Amino acid sequence: MVRIVGLCGSLRAASYNRGLLRAAASSLPEGATLEVVEIGALPLMNQDLETPGWPAEVVAFRQALWGADAMLFACPEYNAGIPAPLKNAVDWASRFEGGGRISAPAGETRRTPLQEVPAAIMGATPGSLGTARAQQHLRTVLLACGMRLMPAPDCYVGSATQRFDANSDLTDEASRAAVAKTVAGLVAWAGLAGRRRAT
Ligand code: FNR
């Protein structure tokens with residue numbers, strides 16, 4: 001079983017990127033699951049909030065990440081970079097366990113729920129560049145957090161107004177195929193680069 005945790009970088013109700021995650025959920029290979037973990041309730045990163053322990057929302061968020069065999073990021077592009085809510089979520093997840101700050105299950109040896117986790121990125125935008133710039137930005141950040149980024153395939157969905165329906169469901173067949181390729185690639189990548197395989 002490969003348990004994938006999905007994060008959506010948009011808090012918008014009719015988010016196209018949320019639609020990408022729904023498309024991913026509908027194309028899971030046998031033996032894989034996808035659970036979307038919400039990021040909208042997290043406070044803004046403020047180190048003063050880390051003492052004496054993390055806020056309850058942060059602990060709950062991190063606890064939801066610890067069991068992931070792989071992570072799938074649906075990343076909008078804001079001003080050529082990562083949207084603030086997603087960067088905020090990654091920053092909270094990236095903080096080391098220790099002191100009064102505990103979210104890990106017993107026996108966990110990693111310092112954060114991101115370390116050593118295989119990850120893939122996809123993104124949708126009405127624009128023509130398909131979130132390529134934001135994805136590059138996110139890739140740099142996730143590598144700094146110790147994640148194992150899938151080298152390929154990439155998944156850029158531009159011209160979103162033509163590729164999603166009124167419910168923000170992905171209807172364009174070529175784009176659905178690209179999402180399915182990313183999901184299948186991530187499951188295979190988790191087998192190659194995941195911790196269970198390495199240990
Ligand atoms: C955007 N948008 C945008 N799009 C893009 O392709 N490149 C960009 O640099 C930006 N910059 C940007 C900045 C800010 C502050 C906002 C709010 C929006 C447009 C964005 O891609 C569009 O709103 C998407 O629909 C957002 O993704 P969701 O919410 O549909 O998932």
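## From the ligand to the helices and loops

A backbone N or O atom of Y16 lies 2.9 Å from an oxygen atom of the ligand, and this pair is a convenient place to enter what is a predicted model. Two side chains make further polar approaches to the ligand: T125 places an N or O atom of its side chain 2.7 Å from a ligand oxygen atom, while E77 has a polar side-chain atom 2.9 Å from a ligand nitrogen atom. Around the ligand there are 13 residues, of which S10, R12, S15, N17 and T125 come nearest, and T125 is thus named both among these nearest residues and in one of the polar pairs.

Before going further into the fold, it helps to ask how much confidence the predictor places in the chain. The average pLDDT of the protein chain is 97, and 98% of the residues score at least 70. Where in the chain is confidence lowest, and where is it highest? The lowest value belongs to helix α7, residues 195–198, with a mean of 57, whereas α3 has the highest, at 99. Where pLDDT is low, the predicted coordinates should not be read in detail.

From T125 the path leads to G130, a residue that touches T125 and also G123, Q135, Y156, V157 and G158, leaving aside residues up to four places away in sequence. G130 itself sits in the loop between β4 and α4, and it counts as buried because its relative accessible area is 2%, below the 20% cut-off for that class. One of its contacts can be followed along the chain as well as through space: G130 and V157 are 27 residues apart in sequence, yet their C-alpha atoms are 4.7 Å apart.

The loop that holds G130 runs between β4 and α4, and helix α4 is the next element to consider. Helix α4 covers residues 132–144, 13 residues in all, and it reaches 19 Å from its first C-alpha to its last, which is close to the 18 Å expected at 1.5 Å a residue. Its buried residues are A134, Q135, L138, V141 and L142. Seen down the axis of α4, these buried residues fall within an arc of 125 degrees, so they line one face of the helix. The general geometry of such a helix helps here: an α-helix has 3.6 residues a turn, so residues three or four places apart point the same way. On the other side of α4, T140 and A144 are exposed. As for what the buried residues meet, they pack against β3 (70–74), α3, β4 (118–124), β5 (148–149) and β6 (156–157). Just after the helix, G146 takes a positive phi of about 85 degrees.

Helix α3, one of the packing partners of the buried residues of α4, spans residues 84–93 and includes N88. Is N88 buried or exposed? N88 counts as buried, because its relative accessibility is 8%. Its contacts, not counting residues up to four places away in sequence, are with L42, P43, L44 and M45.

Between α3 and β4 lies a loop in which both P105 and E116 are found. P105 counts as partly exposed because its relative accessibility is 42%, and its C-alpha atom is separated by 7.8 Å from that of Q63, a residue 42 places away along the chain. E116 is likewise partly exposed, with a relative accessible area of 31%, and its backbone has a positive phi of about 70 degrees although E116 is not a glycine.

A positive phi in a residue other than glycine also occurs at S159, where the angle is near 50 degrees. S159 lies in the loop between β6 and α5 (160–163), and with a relative accessible area of 23% it is partly exposed.

The remaining backbone features are cis peptide bonds. One joins T51 and P52, with omega about 5 degrees, and P52 has its place in the loop between β2 (32–36) and α2 (56–66). Another joins A152 and P153, with omega about 0 degrees, and here P153 lies in the loop between β5 and β6. Those two strands are also among the elements against which the buried residues of α4 pack, which brings the path back to that helix.

Conventions:
Residues are numbered from 1 along each chain as its sequence is written. This is a predicted model: local features need pLDDT of at least 70, side-chain atom pairs count only at pLDDT 80 or more; totals for chains, interfaces and linings use all residues. Side-chain values use heavy atoms; hydrogens and water are left out. Helices (H or I, at least four residues) and strands (E, at least two) are DSSP runs, numbered from the N terminus. Buried means under 20% relative accessible area, exposed over 50%, partly exposed in between (1.4 Å probe, protein chains only). Contact means heavy atoms within 4.5 Å. The expected span of a helix is 1.5 Å times one less than its number of residues. The arc is that of the directions from the helix axis to the C-beta atoms. pLDDT is the predictor's confidence in each residue, from 0 to 100. A residue is near a molecule or strand if one of its heavy atoms lies within 4 Å of it. A polar contact is a pair of N or O atoms within 3.5 Å; within protein, one must be able to donate a hydrogen and the other to accept it, and residues adjacent in sequence count only if both atoms are side-chain atoms.
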